[in-house]
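Please look through the sequence and the coordinates together before reading on. The paragraphs below go from the chain as a whole to single residues.

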Amino acid sequence: MERKEIFEKLNEIFIDVLDLDECELTDESSANDIEEWDSLSHIQLIVAIEKAFKIKFTSLEIMRWKNVGEMVDSISEKIM
């Protein structure tokens, strides 16, 4: 799966979980950029992402992410 495809799938997940009308994620996107992305919705996003991609993240991986780009890197590594 290419990086672009991962972003497309993540956009759908973010729209669904955060109940957004639209979402255009970039490598630099973070919780600071999306008002609806708080600590509770972060957990919901992780669960939805793990389910959609059929992967599991460790707590350490999740804590290291500073933005969506790093999240995509982790997803990419796990689905290869």
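What radius of gyration would a compact globule of 80 residues have, and what does the chain have? For 80 residues the expected radius of gyration is near 12 Å, and the chain, with 11 Å, agrees with that expectation. The model is a predicted one, and the C-alpha atoms of the chain fill a box of roughly 30 × 25 × 20 Å when the box is taken along the principal axes.

How far the coordinates can be trusted is a fair concern with any prediction. Where pLDDT is low, the predicted coordinates should not be read in detail. For this chain the mean pLDDT is 95, and 100% of the residues reach 70 or more. Among the elements, helix 2, which covers residues 39–53, has the highest mean pLDDT at 97, whereas helix 3, covering residues 59–64, has the lowest at 95.

The secondary structure consists of 4 helices and 0 strands, and in sequence order this gives the pattern α-α-α-α. Of the contacts in the chain with a separation of 6 or more, 52% are accounted for by residues 24 or more positions apart. Burial can be set beside this figure: of the 80 residues, 39% count as buried.

The surface and the charges come next. The chain exposes about 5400 Å², of which carbon and sulfur atoms supply 49%. Its charged side chains comprise 9 positive and 20 negative ones, and the centres of these two sets lie 10 Å apart.

Helix 1 offers a good place to begin with single residues. Phe7 lies in this helix, which spans residues 3–18, and Phe7 counts as buried because its relative accessible area is 12%, a value under the 20% cut-off. Which residues does Phe7 touch, not counting those up to four places away in sequence? The partners of Phe7 are Leu25, Thr26, Asp27, Val68 and Val72. One of these partners, Val68, is 61 residues from Phe7 along the chain, and yet the C-alpha atoms of Phe7 and Val68 are separated by 8.9 Å.

Asn11 is also placed in helix 1. Is Asn11 buried or exposed? Asn11 is buried, with a relative accessible area of 11%, and once its neighbours within four places in sequence are left aside, Asn11 is in contact with Cys23, Glu24 and Leu25. Leu25 thus appears in the contact list of Phe7 and in that of Asn11.

Glu12, a further residue of helix 1, presents another setting. Glu12 is exposed, because its relative accessible area of 55% is over the 50% cut-off. The C-alpha atoms of Glu12 and Glu22, 10 residues apart along the chain, are separated by 8.7 Å.

The loop between helix 1 and helix 2 holds Asp19, a residue whose backbone deserves attention, in that Asp19 has a positive phi of about 55° although it is not a glycine. The relative accessible area of Asp19 is 67%, which means that Asp19 counts as exposed. Asp33 lies in the loop between helix 1 and helix 2 as well, and at 53% relative accessibility Asp33 is likewise exposed. Where does Asp33 stand relative to Asn67, 34 residues apart from it along the chain? The C-alpha atoms of Asp33 and Asn67 are separated by 9.9 Å.

Farther along the sequence, Leu40 is found in helix 2. Is Leu40 buried or exposed? Leu40 is exposed, with a relative accessible area of 56%. The C-alpha atoms of Leu40 and Ser76, which are 36 residues apart along the chain, are separated by 24 Å.

The loop between helix 2 and helix 3 is where Lys54 is placed. Lys54 has a positive phi of about 55°, although Lys54 is not a glycine, and with a relative accessibility of 75% the residue counts as exposed. The two residues with a positive phi can be read side by side in the model: Asp19 sits in the loop between helix 1 and helix 2, and Lys54 sits in the loop between helix 2 and helix 3.

Notes. Residues numbered from 1 in each chain as written. Heavy atoms only, no water. Rg over C-alpha atoms; globule rule 2.2 N^0.38 Å. Buried < 20%, exposed > 50% of the residue type's maximum accessible area, 1.4 Å probe, protein only. Contact = heavy atoms within 4.5 Å. Areas by Shrake-Rupley, 256 points an atom, 1.4 Å probe, with all protein chains shown as cover. Lys, Arg positive; Asp, Glu negative; His and termini not counted. Charge placed at Lys NZ, Arg CZ, Asp CG, Glu CD. pLDDT = per-residue confidence, 0-100.
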